[in-house]
Amino acid sequence: MSRSRPLLALVGGALAITAASVGGTAYLTLRTGPLAERLVREVNALARARHPRPSHVTPAKPGTFAEHLEPLMGEVLRLYRERPEALRDSASEWPCLAVLEGRAPVSELPPSCLAAVEQGRELVARVLEATHAEEGGLPEGLGPLASPAHAHARDGMLALQYVVRLAGLETRLRLARGKAEEAVDVCLDSLALSRELAGGGLLGHMVSAAGHGALYRPCADALDAAPWERKRSAVTQLSRLEEGLVPFSWTMKQESAAVQLMAFGGLMSAKARASLPVGARELATQSHGLALAPGNPLDARLSWRKMARVFDALVPVADLGPEARRRAFTAIEARNTGGLYPVEGPDVMAYERFAERLELLRLQQDALRVLVEVDMHRAETGRWPEAVPNRAAYTFVLEAPLPTEALLRPCAADLQQHGLRVTADVRSASWVPVP
């Protein structure tokens, strides 16, 4: 009996140490305080961030885009909500789309589309003028960290997308009336508006991509038709617009914060939630999803840790080139799938698909500038360039079957439908060579 007591004591001590170790690990795993503190810091940093970007006009208007747009948002929302029934989103094609994209002449524009442009013309012009601000930024309620109850939160982005579409139709109408320079002015302001919307989180960036897609053909035709002198200034404006495009990494930072607030805000202490900006605090207070689902509370805490870890890995590689980013995202997905105790985390490959949609935005922005540069080269030298300017992030080829007409095509086989037609300019008598 006396010999067994030391053995029992030893076994008991080992079990106690093991239990303490497991308990300590579980305690560290279940703690959400550090995650909450970090999230508060990140959200407040996002809320305080300024949005410098080069203005596409000189001189720029003092102030921010947000300051100039905010007083107009009530009218913008009313214009969107009172739009003709025929122009409301539906499963069928938007009735104005064929004219917008140049597949049908302006003479075939449906009456409802023409009426919508005329109804919104004055307001659209004021919204576009707001893009002349010296600094970017969106009004409260349009970002991913806005209160769900804010007046702009439900359909503010969609209302501004409607403004972009109307501006695209305005570009077409002015071009059809022979006012190419005015058409270029409207088109560039519209691209600037689309650029601003990209600062509104993942939704804003997708709306921005859709806006660039809607403006691509009318802008290309307006730039092609513009006189040489207007082309020259348009190149500078397009370069400034391109320079100020919102990087996908910024969108992923916003997405990380918004997803964590919505999914895990219920796990934050009252003190942590009180340290958030008002909109983000309401997101956290009304959080839904993983943290509030019935079941093992360990799952929600493990999911939060995984969510933060995966977004931490995604942000640094979000701005890589298409192939490198795709490989990096695929590797992150592989590392965070399965395991002995799998829990929910971000859908990495869904974000990859969003990134691919934004590649098209950048390609279209590049193509518009290259179109103008190619056209100017033809006007300056009397012949099409042998090679496309290589300052573009994407590569293009120029096919010139006729002395007066060429086709600018992306090199990628799956992007051929985004090629642009370029017609040769006749130099005006006032033309002066670029020094």
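**Close-up views of helix α16 and the β3-β4-β5 sheet**

**View 1. Aspartate 366 is a buried residue, with a relative accessible area of 1%.** In this predicted model, aspartate 366 counts as buried because its relative accessible area of 1% falls under the 20% limit used for that class. The residue belongs to helix α16, which spans residues 348–381, and its side chain makes a polar contact of 3.1 Å with the side chain of arginine 369.

**View 2. Three strands form an open sheet in the order β3-β4-β5, with antiparallel pairing.** The edges of the sheet are β3 (396–402) and β5 (420–423), each of which pairs on one side only. Neighbouring strands of this sheet are turned against each other by 25° on average, direction ignored.

**View 3. Strand β4 (residues 405–410) pairs with β3 in the antiparallel sense over 5 bridges.** Within this pairing, phenylalanine 396 has proline 410 of β4 as its bridge partner. Towards the other edge strand, β4 is joined to β5 by 4 bridges, and these two strands likewise run antiparallel; here the bridge partner of leucine 408 is leucine 420 in β5.

**View 4. Side chains alternate along the edge strand β5.** Leu420 and Val422 point to one face and are buried, whereas Arg421 and Thr423 point to the other face and are not buried. Leu420 is also the residue of β5 that serves as bridge partner to leucine 408.

**View 5. Helix α16 lies across β3, β4 and β5.** The helix runs at about 15° to β5, and aspartate 366 is placed within this helix.

Technical notes: Residues numbered from 1 in each chain as written. Predicted model: local features only at pLDDT ≥ 70, side-chain atom pairs only at ≥ 80, totals over all residues. Heavy atoms only, no water. Buried < 20%, exposed > 50% of the residue type's maximum accessible area, 1.4 Å probe, protein only. Polar contact = N/O pair within 3.5 Å; in protein donor to acceptor, adjacent residues only side chain to side chain. Pairing = 2+ DSSP bridges. Axes fitted to C-alpha atoms, helices over the stretch in contact; angles between N-to-C directions. Contact = heavy atoms within 4.5 Å.
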